[in-house]
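Visitor: I would like a close look at one small part of this model, followed outward into its surroundings. Please take your time over it.

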Number of protein chains: 2
Amino acid sequence: MPANPSPRTPAWPPKSAPRLFVEDTLAEGCTIVLEGPHAHYLGKVMRAKVGDTVILCDNQTGEWAGRIGQVAKRRIDVTASERLRPREEVPDLWLCAALLKKDRFDLVLEKATELGVAQIQPVVTRRCVADKLNADRAITIITEAAEQCARTALPQIVEPTKLDNLLKNWPEERTLYFADEEGGGPVTNTFVEHSGPAAILIGPEGGFDDAERNAIRSLPQAHPITLGPRILRGETAAISALSVWMAVCGDWGKSDHSGKE
Amino acid sequence: MPANPSPRTPAWPPKSAPRLFVEDTLAEGCTIVLEGPHAHYLGKVMRAKVGDTVILCDNQTGEWAGRIGQVAKRRIDVTASERLRPREEVPDLWLCAALLKKDRFDLVLEKATELGVAQIQPVVTRRCVADKLNADRAITIITEAAEQCARTALPQIVEPTKLDNLLKNWPEERTLYFADEEGGGPVTNTFVEHSGPAAILIGPEGGFDDAERNAIRSLPQAHPITLGPRILRGETAAISALSVWMAVCGDWGKSDHSGKE
């Protein structure tokens with residue numbers, strides 16, 4: 001679902017232009033050398049040729065249109081020609097998600113990125129079936145999701161931490177909403193009541209245990225929310241709560257969603 | 001994430017009891033013969049024994065606790081002993097979702113069920129990469145999701161239809177929200193403004209084409225919604241819009257989420 005296609009969109013850069021996050025800092029006229037997976041993707045998958053347009057993002061200066069200047073076997077040169085957008089303002093929402101089985105957590109990473117979170121904090125709780133996360137793999141999933149959904153900023157992913165540590169070091173000014181199986185406030189009202197920096201904490205399959213729930217509840221910044229009468233899987237709870245926050249407190253209510261300045 | 005576990009939940013039936021939808025109509029004392037995949041699941045996967053508790057649903061009378069009376073090689077008998085809940089009241093929301101690639105549409109079916117929709121209408125649009133749906137497979141996904149999330153009612157899944165037909169036969173009293181790439185009202189406000197029966201229409205990857213968008217917009221019951229500035233994949237748009245509707249107009253705001261009468 002393109003956010004803003006057709007009539008109002010200029011013909012250049014073309015909608016179908018590949019979109020890539022690069023390591024280098026971009027500037028007008030700078031030439032970026034793409035190798036490895038980027039070169040493979042552009043050259044073999046997208047069959048890019050000299051003169052083709054590529055959209056480049058660097059997670060710092062924003063989004064640029066670039067043109068391919070050279071295509072070699074394992075290397076493609078792209079020159080940044082015009083900044084299309086500055087780096088977006090990211091709604092100040094963290095997702096603190098208990099680790100799930102690999103494919104379910106992959107989905108959390110992909111969807112949290114699409115939905116626009118600022119930070120993803122994997123959490124280890126007593127009922128987690130996993131306590132590790134492959135950081136490289138997570139960054140790849142997040143980057144590809146950001147490329148696909150036209151974000152110009154990557155969410156930050158931090159090291160998994162135990163729930164106890166998360167709560168012990170919780171920032172004073174950040175509201176922590178947690179999906180509480182014992183019930184909580186209606187989610188829209190609860191979100192509206194608290195403004196400012198926020199985080200959503202989602203437990204593993206099987207939920208938090210009683211000691212964990214008490215520890216969370218005793219944090220002054222914590223507010224329980226309910227996500228309805230059905231038993232949501234961990235990844236569904238994460239996606240749903242993020243969606244509702246974005247609709248109520250995030251940037252879904254703004255009138256200009258053209259993605260342009 | 002159990003909706004309501006521990007202290008308030010009675011010890012019987014046990015939380016871990018398998019949950020199954022059956023074809024037969026349930027009543028107190030009736031014995032159900034489980035064969036095929038049900039018998040395999042209970043006997044081989046769950047290693048159920050005589051006397052074990054099974055939760056049975058029939059999509060008609062509600063949810064029952066049953067006890068296993070006999071375990072044979074390919075057949076297990078369960079006797080319904082007590083009705084735990086009547087069939088739930090289902091919020092009157094349909095999902096009309098353009099067909100997507102198989103794994104992405106499977107996710108839509110699973111999550112729409114978890115999120116509590118009444119009906120799922122697969123839609124064929126011009127940019128769809130698929131125009132068929134394996135009905136048996138879809139029913140299996142929906143049933144397993146309902147078993148997992150403790151629904152007592154299955155969403156109805158209907159035959160895929162072309163967008164033109166959907167619009168031509170659209171029920172007069174049902175609001176049709178559609179995720180419009182050209183922009184629309186903020187989603188929470190738009191949902192609140194219209195009460196009563198509703199449906200959410202989500203386009204395929206690549207969105208609706210101009211003619212389709214015009215056709216939808218010309219339907220008096222149609223109201224465009226926006227799902228924020230990022231380009232959401234089809235399945236993400238479906239899950240997000242359903243979540244927001246359930247939070248704003250559905251049953252997430254009700255105070256008693258115990259799932260009991």
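Where in chain B is Asn59(B) found?

Guide: The model is a predicted one, and in it Asn59(B) sits in the loop that leads from strand 3 (53-57) to strand 4 (63-71) of chain B. Although this residue is not a glycine, its phi is positive, at about 65°. Most residues other than glycine have a negative phi. Asn59(B) counts as partly exposed because 18 C-beta neighbours lie inside 10 Å, where 20 or more would be needed for a buried residue.

The strands on either side of this loop belong to an open sheet of five strands in chain B, ordered 1-3-4-5-2 and with mixed pairing. Strand 1 (19-21) and strand 2 (31-35) of chain B form the edges of that sheet, each of them pairing on one side only. Direction ignored, neighbouring strands of the sheet are turned by 40° against each other on average. Strand 4 of chain B, which follows the loop of Asn59(B), runs antiparallel to strand 5 (residues 75-85) of chain B, and eight bridges join the two. One of the paired positions is Glu63(B), whose bridge partner in strand 5 of chain B is Arg85(B). Across strand 1, strand 2, strand 3, strand 4 and strand 5 of chain B lies helix 1 (residues 36-45) of chain B, which runs at about 90° to strand 2 of chain B.

Chain A offers the corresponding view. Its open sheet of five strands likewise has the order 1-3-4-5-2, with mixed pairing. Strand 1 (19-21) and strand 2 (31-35) of chain A each have a single partner strand, so one side of each of these edge strands is left without a neighbour in the sheet. Strand 1 of chain A pairs in the parallel sense with strand 3 (residues 53-57) of chain A over three bridges, and Phe21(A) stands opposite Cys57(A) of strand 3 of chain A. Helix 1 (residues 36-45) of chain A packs on this sheet, where it touches strand 1, strand 2, strand 3, strand 4 (63-71) and strand 5 (75-85) of chain A, and its direction makes about 90° with that of strand 2 of chain A. In the loop between helix 1 and strand 3 of chain A lies Arg47(A), another residue other than glycine with a positive phi, in this case near 50°. Arg47(A) counts as exposed, because it has 9 C-beta neighbours inside 10 Å.

A contrasting environment is found further along chain B, at strand 12 (residues 198-202). Five of the five residues of this strand are buried, so strand 12 of chain B is largely enclosed by the rest of the structure. Ala198(B), Ile200(B) and Ile202(B) point one way from the strand, while Ala199(B) and Leu201(B) point the other way. In a regular strand the side chains alternate between the two faces of the sheet. Strand 12 of chain B runs parallel to strand 6 (residues 93-98) of chain B, to which five bridges join it, and the bridge partner of Trp94(B) in strand 12 is Ala199(B). Strand 12 of chain B also runs parallel to strand 10 (residues 175-179) of chain B, with four bridges between them, and here Tyr177(B) stands opposite Ile200(B).

From strand 12 of chain B the path continues to Trp245(B), which touches Ala198(B) and Ile200(B) as well as Leu93(B), Phe191(B) and Gly250(B), residues up to four places away in sequence not being counted. The largest nonpolar core has 148 residues, and Trp245(B) is among those with the most contacts inside it, together with Ala241(A), Leu242(A), Trp245(A), Ala241(B) and Leu242(B).

The two chains also meet directly, with 45 residues of chain B in contact with 45 residues of chain A. Helix 2 (102-115), helix 5 (187-193) and helix 7 (234-248) of chain B each supply at least two residues of the side of chain B that touches chain A. Helix 7 of chain B provides the largest share of that side, 10 residues. By character, the residues on this side of chain B divide into 21 nonpolar, 16 polar and eight charged.

Finally, a rotation of 180° with 0.0 Å of shift along its axis superposes chain B on chain A, with an RMSD of 0.0 Å. The two copies are thus related as by a two-fold rotation axis. Within chain B, the C-alpha nearest the axis belongs to Val244(B), at 2.6 Å from it. The same surface serves both copies, in that 100% of the contact residues of chain B recur in chain A.

Notes
Residues numbered from 1 in each chain as written. Chains lettered and ligands numbered in written order. Predicted model: local features only at pLDDT ≥ 70, side-chain atom pairs only at ≥ 80, totals over all residues. Contact = placed C-beta atoms within 7 Å. Nonpolar A, V, L, I, M, F, W, Y, C, P; charged D, E, K, R; others polar. Core = buried A, V, L, I, M, F, W, Y, C linked by C-beta atoms within 7 Å. Buried ≥ 20, exposed ≤ 12 C-beta atoms within 10 Å, placed from the backbone. Pairing = 2+ DSSP bridges. Axes fitted to C-alpha atoms, helices over the stretch in contact; angles between N-to-C directions. Least-squares fit on C-alpha atoms with pLDDT ≥ 70 in both.
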